Amino acid sequence: MRSLEQTGLVAAKSFLIEQDYTKYTLSQHALWSELVARRMAQLEQCACREYLEGWHALGLERERIPRLAGISERLARRTGWSVQPVSGFMPSRAFFEMLAARRFPTTTWLRSRESMDYTPEPDILHDALGHLPMFAEQSFADAVAEYGRVCYAMDSEEKLERMGRLVWYTFEFGLIRQEGAVKVYGSGVASSQAECTNVLSGNCEIRDFSVAEVLNTTVKVDQIHTRLFAIDSIAEILGAVHEAREIVEGD
Ligand SMILES: [Fe+2]
């Protein structure tokens with residue numbers, strides 16, 4: 001992992017931190033292990049191929065909270081991305097800057113036992129277990145970098161709000177059809193027992209992915225989803241980023 005002085009990041013600079021691995025307690029490692037066991041029991045059945053391959057390729061461990069520096073090295077060798085610990089929620093410009101630079105902002109704190117099922121802000125379970133495995137897939141990794149580049153260049157909050165819907169229904173809550181079944185690749189579904197169970201139980205309408213429809217579908221951050229979108233291939237996402245930019249810029 002590059003040191004903070006070498007980052008070249010401007011907007012994101014004040015959010016960058018180091019992961020202090022010595023601060024995690026034994027009970028936090030045990031909680032991670034419990035959370036991962038519960039999530040993987042479901043994900044081994046319903047996560048997409050690329051997610052499961054990425055999990056193993058990055059060396060994520062079930063028994064211990066991830067050491068982000070080691071994962072970052074493996075990720076860099078595979079897709080040119082790195083993992084950058086950050087202090088928490090970031091404003092959009094800082095976030096896009098990091099994506100464009102192929103640095104994935106990852107929180108280092110772990111939810112408490114009392115909040116095992118839900119945290120309003122992303123923690124290391126959401127960021128590392130949920131997001132990181134997909135960044136080991138080149139076409140996904142390239143699409144997110146392009147999304148960051150496109151959004152970093154946009155100057156209108158209204159346009160960015162619409163581009164946010166694309167990221168919400170792909171990187172965060174995206175589904176994919178593989179081998180005749182609906183599989184999960186978005187972190188918000190992968191890391192959440194409730195969202196994943198909701199999808200698997202058939203309580204969520206699954207629409208064929210359409211950029212135009214996604215851009216017209218508002219995001220509700222604090223409700224279980226009743227409508228999500230399924231792509232047919234991870235390679236579609238890059239094209240969706242370009243199509244969304246054209247629609248949003250043309251409005
Ligand atoms: Fe996320």
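Let's start in the middle of the sheet: L175 has A230 of β6 as its bridge partner. Keep in mind as you look around that this is a predicted model. L175 is a handy place to begin, since L175 also stands opposite V184 in β4. On the β6 side, A230 has D208 standing opposite as well. So what do these pairings add up to?

They belong to an open sheet of four strands, in the order β4-β3-β6-β5, with mixed pairing. As general background, the strands of a sheet pair through backbone hydrogen bonds, and they can do that either parallel or antiparallel. Here you get to see each kind. Strand β3, residues 175–178, runs parallel to β6, and two bridges join them. On its other pairing, β3 meets β4 in the antiparallel sense, over four bridges. Then there is β5, which runs parallel to β6, residues 227–231, with four bridges between them. One of the pairs to look up there is R207, whose bridge partner in β6 is F229.

Which strands stand at the edges of this sheet? They are β4 (181–184) and β5 (205–208). Each has a single partner strand, so one side of each is left without a neighbour in the sheet. From one strand to the next, the twist averages 45°.

Before leaving the sheet, take a look at the turn between β3 and β4. The two strands form a hairpin with two residues between them, and E179 takes a positive phi near 50° there.

Now zoom out. The chain has 11 helices and six strands. Its C-alpha trace spans about 50 × 45 × 30 Å along the principal axes. How does the radius of gyration fit with a compact globule? For 251 residues, a compact globule would come out near 18 Å, and the chain has 17 Å, which agrees.

On to the helices, where α11 is a good one to follow, beginning with its contact with α7. Helix α7 covers residues 157–172 and helix α11 covers residues 236–250; their axes come within 10 Å and cross at roughly 160°. With an angle over 145° counting as roughly antiparallel, α7 and α11 are therefore roughly antiparallel to each other. The crossing of α7 past α11 is right-handed. If you want to pick out the contact on screen, α7 brings K159, R162, M163, L166 and T170, while α11 brings I237, A240, V241, A244 and V248. Sorted by class, that contact of α7 with α11 has seven nonpolar residues, one polar and two charged.

Helix α11 also meets α6. Their axes come within 8 Å and cross at roughly 15°. That makes α6 roughly parallel to α11. Here, too, α6 passes α11 in a right-handed crossing. From α6, the contact takes in S139, F140, D142, A143, E146, Y147 and V150; from α11, it takes in I237, L238, V241 and R245. The mix in the contact of α6 with α11 is seven nonpolar, one polar and three charged. You'll spot I237 and V241 of α11 here, and those two are also in the contact with α7.

Last, stay with α6 and turn to its contact with α4. The axes of α4, residues 92–100, and α6, residues 138–152, come within 7 Å and cross at roughly 135°. Are the two helices parallel or oblique to each other? The angle makes α4 and α6 oblique. Their crossing is left-handed. On α4 the contact is made by F96, E97, M98, L99 and A100, and on α6 by V144, A145, Y147, G148, R149, C151 and Y152. By class, the residues in this contact of α4 with α6 divide into nine nonpolar, one polar and two charged. Y147 is worth clicking on: it is part of this contact with α4, and Y147 is also listed in the contact of α6 with α11.

Notes: Residues are numbered from 1 along each chain as its sequence is written. This is a predicted model: local features need pLDDT of at least 70, side-chain atom pairs count only at pLDDT 80 or more; totals for chains, interfaces and linings use all residues. Axes are lines fitted to C-alpha atoms, for helices over the stretch in contact, and angles run from 0 to 180 degrees between N-to-C directions. Angles under 35 degrees count as roughly parallel, over 145 as roughly antiparallel, 65 to 115 as roughly perpendicular and the rest as oblique. A crossing is left-handed if the near helix is turned anticlockwise from the far one by less than a right angle, and right-handed if clockwise. Two residues are in contact if their C-beta atoms, placed from the backbone, lie within 7 Å. Ala, Val, Leu, Ile, Met, Phe, Trp, Tyr, Cys and Pro count as nonpolar, Asp, Glu, Lys and Arg as charged, and the others, Gly among them, as polar. Two strands pair if DSSP finds at least two bridges between them. The radius of gyration is taken over C-alpha atoms; the globule rule is 2.2 Å times the number of residues to the power 0.38.
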